[in-house]
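Thank you all for making the time. I would like to walk you through some side chains in one structure, so please have the sequence and the model open as I speak.

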Amino acid sequence: MSLWVFGYGSLLWNPGFTPVNAVKACLHDYHRSFCMLSIHHRGSEDEPGLVLALDASPGARCTGMAFQVAPAEENKVLAELRERELISSAYFEEHVDLKTDDDDTIRALAYVIDPHHAQYCQYDLERQAQMISSAIGGRGPNTEYLFNTAAHLTQLGIRDDDMAWLVDRVRALTAT
């Protein structure tokens with residue numbers, strides 16, 4: 001059985017590996033949400049940014065991409081993903097069942113937020129925009145994360161109304 005990884009945020013545009021196969025897929029009972037404070041990659045402890053996480057929500061759906069890892073690279077990719085995604089233990093590593101447009105099921109690795117972790121948060125869209133517009137972390141500005149993710153969702157034909165609102169608001173906040 002080969003390793004598949006579910007991309008719903010930055011993994012869409014920066015998976016960190018070259019997939020041997022990629023297919024649009026949907027995860028049920030979770031939604032994509034800026035519900036994780038970023039104190040390493042897209043913010044700092046003094047000025048946290050926000051990054052996306054899979055947040056459990058009965059009846060919700062999160063559409064993203066399932067990426068298949070080359071069998072010879074599975075151990076290396078898994079180690080790199082764990083170093084990147086589990087930097088602060090705010091995510092759980094879970095195997096989830098994804099549904100493709102053809103109604104096939106793919107068992108994939110996904111990074112799901114721990115709602116009991118100190119980095120878990122629930123802010124309204126305006127506060128999210130304010131935080132994203134100014135935070136900078138080790139991997140760059142939080143705005144870059146937002147804009148890249150939104151652009152890739154659009155390219156893939158995945159509609160996310162909250163993301164579109166955030167893009168417009170953050171562009172307005174950062175206009176000079």
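Let me begin with a question: does R32 count as buried or exposed? Keeping in mind that this is a predicted model, the answer is that R32 counts as buried, because its relative accessibility is 12% and the cut-off for buried is under 20%. R32 has its place in strand β2, and its side chain has two partners that I would like you to find on the screen. One is the backbone oxygen of T63, which the side chain of R32 reaches at 2.2 Å, and the other is the side chain of D160, with which R32 makes a polar contact at 3.1 Å. If we leave aside the neighbours within four places in sequence, the residues in contact with R32 include Y8, L52, C62, L153 and M163.

Two of those contacts deserve a closer look, and I will take M163 to start. M163 is found in helix α4, residues 161-174, and M163 is buried, with a relative accessible area of 4%. Besides R32, the contacts of M163 beyond four places in sequence include F34, L146, T149 and A150. In the case of A150, the C-alpha atoms of the two residues are 6.4 Å apart in space, while 13 residues separate M163 and A150 in sequence.

The other contact is C62, which counts as buried at 1% relative accessibility. Why is C62 not bonded to C26? The sulfur of C26 is the closest cysteine sulfur to that of C62, but at 7.3 Å it is too far for a bond, given that a disulfide needs the two sulfur atoms within 2.5 Å. C121 is likewise in no disulfide, since the nearest cysteine sulfur, that of C35, is 6.4 Å away. C121 is also buried, with a relative accessible area of 5%, and the structure as a whole holds zero disulfides.

C35 appears again when we turn to Q119, a residue in the loop between β5 (105-113) and α2 (125-134). Q119 is buried, with a relative accessible area of 6%, and its side chain reaches the backbone oxygen of L37 at 2.6 Å. Not counting residues up to four places away in sequence, Q119 touches a set of residues that includes C35, M36, S38, S88 and A90.

Now to the rings. The structure holds five aromatic pairs, and I will describe one of them in detail. The ring centres of F17 and F67 lie 6.4 Å apart with the planes at 90°, so this pair is edge-to-face. The pair links distant parts of the chain, for F17 is in the loop between β1 (4-7) and β2 (21-38), whereas F67 is in strand β3 (residues 49-68), 50 residues apart. F17 is buried at a relative accessible area of 10%, and F67 is buried at 7%. Elsewhere, ring pairs link W13, F34 and Y145 into a cluster, and F34 is one of the residues I mentioned as a contact of M163.

Finally, two arginines have their charged ends over rings. The charged end of R127 sits over the ring of Y123, 3.8 Å from its centre, and the charged end of R171 sits over the ring of F147, at 4.1 Å from the centre of that ring.

How values were computed:
Residues numbered from 1 in each chain as written. Predicted model: local features only at pLDDT ≥ 70, side-chain atom pairs only at ≥ 80, totals over all residues. Heavy atoms only, no water. Phe/Tyr/Trp six-rings, centres within 6.5 Å; stacked < 30°, edge-to-face > 60°. Helix = DSSP H or I, 4+ residues; strand = E, 2+ residues; numbered from the N terminus. Buried < 20%, exposed > 50% of the residue type's maximum accessible area, 1.4 Å probe, protein only. Lys NZ or Arg CZ within 6 Å of the ring centre and 35° of its normal. Polar contact = N/O pair within 3.5 Å; in protein donor to acceptor, adjacent residues only side chain to side chain. Contact = heavy atoms within 4.5 Å.
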